[in-house]
Protein chains: 2
Amino acid sequence: MGKKSIREQRKAEIIKAFYAVAKKEGLENASISKVADYAKINPSLVMHYFKTREELMVALNDFILERYLKIYRVNGAVLDTREKLIQLIENLFSRKWNRLFDDGVFYSFYAQVYRNKTFRESFKQLHDTLHLTLKKALDEAVENGVLDHPDTSALSNNIFALVDGAYYYLGLVDDKEEIERRLASYKRLAISMLEFDYQSQDTTI
Amino acid sequence: MGKKSIREQRKAEIIKAFYAVAKKEGLENASISKVADYAKINPSLVMHYFKTREELMVALNDFILERYLKIYRVNGAVLDTREKLIQLIENLFSRKWNRLFDDGVFYSFYAQVYRNKTFRESFKQLHDTLHLTLKKALDEAVENGVLDHPDTSALSNNIFALVDGAYYYLGLVDDKEEIERRLASYKRLAISMLEFDYQSQDTTI
DNA sequence: AACTTAACTGAATGACCATTCAAATTTTTG
DNA sequence: CAAAAATTTGAATGGTCATTCAGTTAAGTT
């Protein structure tokens, strides 16, 4: 008896509308009524599903972090050749970004990390998951004899530092050729990091 | 005749108040009246000196980028020994951050880069300046025979990618010990990059 | 057709927002 | 003291904001 619930679909719809508006006008300008307009529903309906704007923010944050996770999903291929390992590293620098993702919205959430514990923890957890996934892939490569490295955990962290730093800078670059040139340079460095055993490198003089 | 102008001092005062409020409550919540309250002046006075909020935003952006530049100011020391070169690299990972700077506000501006050409260009210019400054320092090291590297420009860019990526991740970390551990790892990698000629794929000392 | 449950609307709330403007105040100079 | 130039204020503007609530509509069941 009673009406069928479409709660979850509606909520998803609202979150996507919120994302779309934030993408277009900036997260700080994405108001409830703009979201409602975009979704062609009444503002009250948004409040019906999300008690406060804050709640909607958290939902959008989760939505975005899920997408982020998808981008970096390691393809299931077995890392048994050198080529496959190199391809994996190169893929890290090739976010299918523009389709799946808006950097402006992403960094707006990231900025909140410094004031909001909830956001900080969810970001931290996501990044640690990504780092760990890469570490496991690297371990597999070690087992299969295509990689020789004493600390795959540190290697994974360092590769991601390079990836994150790369995209941070590339967000400032308009010229497509320059982007490609830089990406090539970053990739080369990342691949070289596989070879170079900086742990045993003596930095004393 | 007439009254002495304190225009520039007042403007600076307002910008600092804006920064303080943004730091505490987030850039998106730093309103004109909150800024005025903080500076103990009338909201209209803020509007007198900055015709629009956007104008105030641009001013704060410039203020913040100036601070950013200061943090990375290369000490004038001559790079004639290995120690000095290594010290320079290590300094890049040691922003006197917490004192001089609020990352939340910084990344809030950075997020705007994706929607606002003015912000994108000012950020780009600043970063390119920093990269070039480091390149010049590296060139000096090469001249003085303490560094052997075929492409100091690429090296500079890559080091900064690592620095930026490092701080991006460290923003998520609460534990001070973990921060130090990671910083040490990033530094080690950066220093190893000085040695490694990834262009020709062989390990040189 | 009556009941139940959920989706949905519309109007109203008060708070806060950026911005405008005319007027008041302060300081300097002649 | 008076004129000049700047700083500063206070009140008012209209718009948008998140949120509340009472009520309506739609879709299922018995």
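**Exercise 1. Find which residues come nearest to DNA strand C in this predicted model, and describe the surface to which they belong.**

Step 1. In this predicted model, 25 residues lie around DNA strand C, and those that come nearest are Lys3(A), Arg10(A), Asn42(A), Ser44(A) and Arg53(B).

Step 2. Turn next to the part of the strand that meets the protein: 73% of the atoms of DNA strand C within 4 Å of the protein belong to sugar or phosphate, and the rest belong to bases.

Step 3. Individual phosphate contacts can then be listed. An N or O atom in the side chain of Arg10(A) is 2.5 Å from a phosphate oxygen of DNA strand C, while for Asn42(A) a polar backbone atom is 3.0 Å from a phosphate oxygen of this strand. From chain B, the side chain of Ser31(B) places an N or O atom 3.0 Å from a phosphate oxygen of DNA strand C.

Step 4. To place these contacts in the fold, note that H1 and H3 of chain A, together with helix H2 (32-39) and H3 of chain B, each supply at least two residues of the surface near DNA strand C. The element that gives the most is H3(A), with 4 residues.

Step 5. Sorted by class, the surface near DNA strand C consists of 8 nonpolar, 10 polar and 7 charged residues.

**Exercise 2. Carry out the corresponding analysis for DNA strand D, and state which element gives the largest share of the surface near this strand.**

Step 1. Around DNA strand D there are 24 residues, of which Met1(A), Ser31(A), Arg53(A), Arg10(B) and Ser44(B) come nearest. Of the atoms of DNA strand D that come within 4 Å of the protein, sugar and phosphate account for 70%.

Step 2. Two serines of chain A can be examined in turn: the side chain of Ser31(A) has an N or O atom 2.9 Å from a phosphate oxygen of DNA strand D, and a polar side-chain atom of Ser33(A) lies 3.1 Å from a phosphate oxygen of this strand. On chain B, an N or O atom in the side chain of Tyr49(B) is 3.0 Å from a phosphate oxygen of DNA strand D.

Step 3. The elements that give two or more residues to this surface are helix H2 (32-39) and helix H3 (43-49) of chain A, together with helix H1 (7-25) and helix H3 (43-49) of chain B. The largest share, 4 residues, comes from H3(B).

Step 4. By class, the surface near DNA strand D holds 8 nonpolar, 10 polar and 6 charged residues.

**Exercise 3. Describe how chain A and chain B meet, beginning with the residues in contact and ending with the elements of chain A that take part.**

Step 1. In the model, 53 residues of chain A are in contact with 57 residues of chain B. The area buried between the two chains is about 4,800 Å², and carbon and sulfur atoms give 63% of this area.

Step 2. The count of salt bridges between chain A and chain B is 6. Glu28(A) forms a salt bridge with Arg115(B), in which the closest N and O atoms are 3.2 Å apart. Across this interface there are also 14 residue pairs in polar contact, with both residues at pLDDT 80 or more.

Step 3. On the side of chain A that touches chain B, at least two residues each are supplied by helix H1 (7-25), helix H7 (103-112), helix H8 (117-143), helix H9 (152-170) and helix H10 (176-195) of chain A. The largest share of this side, 11 residues, comes from H9(A), and its residues divide into 23 nonpolar, 16 polar and 14 charged.

**Exercise 4. Summarise the fold of chain A, and say where its pLDDT stays under 50.**

Step 1. The secondary structure of chain A comes to 10 helices and 0 strands, and its C-alpha atoms fill a box of roughly 70 × 45 × 30 Å along the principal axes.

Step 2. The average pLDDT of chain A is 92, and 92% of the residues score at least 70. Over residues 198-205 of chain A, however, pLDDT stays under 50, and for these residues the model has 19 contacts beyond four places in sequence.

Methods: Residues are numbered from 1 along each chain as its sequence is written. Chains are lettered from A and ligands numbered from 1 in the order in which they are written. Side-chain values use heavy atoms; hydrogens and water are left out. A residue is near a molecule or strand if one of its heavy atoms lies within 4 Å of it. A polar contact is a pair of N or O atoms within 3.5 Å; within protein, one must be able to donate a hydrogen and the other to accept it, and residues adjacent in sequence count only if both atoms are side-chain atoms. Ala, Val, Leu, Ile, Met, Phe, Trp, Tyr, Cys and Pro count as nonpolar, Asp, Glu, Lys and Arg as charged, and the others, Gly among them, as polar. pLDDT is the predictor's confidence in each residue, from 0 to 100. Contact means heavy atoms within 4.5 Å. Buried area is the accessible area (1.4 Å probe) that two parts lose on being put together, summed over both. A salt bridge is a side-chain nitrogen of Lys or Arg within 4 Å of a carboxyl oxygen of Asp or Glu.
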